[in-house]
Amino acid sequence: MRNRITEMFGIEVPIFGFTHKPEVAIEVTNAGGMGALAASYYQPDELERILTDMDEKTGGRPYCIDVLFANKVGQVTPMSERLKALPKEHIEFVEKLLNDAGIPPLPPEVEAEMLREKPPGHGHTEEGVLEVLEIVVRHPQAKFVLSAMGAPPAYVVDRLHSRGIKVGAMAGSAEHALKHVRAGVDLIVAQGSEAGGHTGTISSMVLWPEVVEAVAPIPVLAAGGVGSGRHVAAALALGAEGVWCGTIWLGASESELSPDMRKRFVAARSQDAIQRKYDTGKPLRGLRSKWTDAWDAPDAPEPLPLAAQKLLVAPALKRLELANAVDYMGYMSGQIVGSIKAERPVRDIMKSMTSECLAVLKTLSSKS
């Protein structure tokens, strides 16, 4: 499993663990891989505290920061105007859905906080991105920054390269990957449609070798449906030099999910990770629930465009969370969810992925 990726970052195995939970990133890193923390929604002071804690708990080992970069900044419409623009039909549908389920309304203080005008997440404006970069470069263990959506802007690539930090980007097609290469990235993450969250339409088995061939000699990490050592071996066989995993960590005891939600992930089948527009207005793969079933019903309205749908459903999703209505709650999830059979520590998952991959590679080598 030693290759250009392990040499590039000084890691033991080319397994990258994407997560919203710092503890998971720490455990992946300490197990010989590279934890990748989603950082776009943290405010600067919070991100500084988190990275300082990660530095202390990873013993000098490198980690990755995953960011949604801004290529341009548009005018932000005031919250009051955006709320007025929401269709009455959609508002009534959501309210009836929650009332029929017996979900209590939001506490007044929570509702007021959600309606308060806030600055966008710091990955979503150029000013915010520059603040994030200033924090990242102060932490020498942050060796890799990934653009989660789109090619990283030139000011990002130049700033990070000037400090010796590698830059990567997520791609759902060979065309996207080539655009990222022209932007100056050092690494491509080729994400197949099996993955959780916002994905493209090309499956991993087809996408990975297409991207590898298109961007050579730039190294590629394979993402989308990776959760075992056999998947790692398959990715290596298809030309990738490592893997990027997300969903598999959600069943870990350190994950951000509540115990009840972890049980849902353990019970889920691969076909329960469905792609719908109901939470963000764009196709997003997540766990099926009574919420998605209601939106699938014939009398449900069509989802609104991206910003409007997110504004519409945000209070509803918060109500479900506060009520712990797990049957109605979902979470971003890839199809590998069907392979989560029990709650396990991150280190156990890493150990089994590594040992299984090595066993598969040894078996294949003996047959050649």
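Where does Pro105 lie? In this predicted model, Pro105 is found in the loop between helix H5 (88-100) and helix H6 (108-115). Its relative accessibility is 64%, and anything over 50% counts as exposed, so Pro105 belongs in the exposed class. The C-alpha atom of Pro105 sits 50 Å from that of Val212, with the two positions 107 residues apart along the chain.

Now for the strands. Strands of a sheet pair through backbone hydrogen bonds, and that pairing is either parallel or antiparallel. Here, 8 strands close up into a barrel, and going round it the order is S1-S2-S3-S4-S5-S6-S8-S9. The pairing in this barrel is parallel, and from one strand to the next the twist averages 25°.

Strand S1 (residues 15-19) is a handy place to start walking round the barrel. This strand is mostly covered, with 4 of its 5 residues buried. On one pairing, S1 runs parallel to strand S9 (residues 242-245), and 3 bridges join them; Ile15 stands opposite Val243 of S9. S1 also runs parallel to S2, this time through 4 bridges, and here Thr19 stands opposite Leu37 of S2.

Further round, strand S3 (residues 63-67) pairs with strand S4 (residues 142-147) in the parallel sense, over 5 bridges. In that pair, Val67 stands opposite Ser147 of S4. A helix joins the picture here: helix H3 (residues 44-57) packs on the sheet and touches both strand S2 (34-38) and S3. The direction of H3 makes about 160° with that of S3, and since angles over 145 degrees count as roughly antiparallel, the two point in roughly antiparallel directions.

The barrel is joined by another sheet in the model. In this open sheet, 3 strands line up in the order S7-S11-S10, with antiparallel pairing. Strand S7 (197-198) and strand S10 (273-276) stand at the edges with a single partner strand each, so each has one side without a neighbour in the sheet. S10 pairs with strand S11 (residues 284-287) in the antiparallel sense over 4 bridges, and Ile274 stands opposite Gly286 of S11.

That leaves the packing of helices against each other. Two packed helices are described by the angle between their axes and the distance between the axes. For helix H11 (residues 229-237) and helix H15 (residues 346-367), the axes come within 7 Å and cross at roughly 50°. The two helices are therefore oblique to each other, and their crossing is right-handed. On the H11 side, the contact is made by Gly229, Arg230, Val232, Ala233 and Leu236, while H15 brings in Met353, Glu356, Cys357, Val360 and Leu361. Sorted by class, the residues of this contact come out as 7 nonpolar, 1 polar and 2 charged.

Helix H9 (residues 174-182) and helix H10 (residues 204-215) make another such pair, packing at an angle of about 35° with their axes 9 Å apart. The crossing of H9 and H10 is right-handed. H9 makes the contact with Ala174, Ala177, Leu178 and Val181, and H10 with Leu207, Glu210, Val211, Ala214 and Val215. By class, this contact has 8 nonpolar residues, 1 charged residue and no polar ones.

Conventions:
Residues numbered from 1 in each chain as written. Predicted model: local features only at pLDDT ≥ 70, side-chain atom pairs only at ≥ 80, totals over all residues. Heavy atoms only, no water. Axes fitted to C-alpha atoms, helices over the stretch in contact; angles between N-to-C directions. Parallel < 35°, antiparallel > 145°, perpendicular 65-115°, else oblique. Left-handed = near helix turned anticlockwise from the far one by under 90°. Contact = heavy atoms within 4.5 Å. Nonpolar A, V, L, I, M, F, W, Y, C, P; charged D, E, K, R; others polar. Pairing = 2+ DSSP bridges. Buried < 20%, exposed > 50% of the residue type's maximum accessible area, 1.4 Å probe, protein only.
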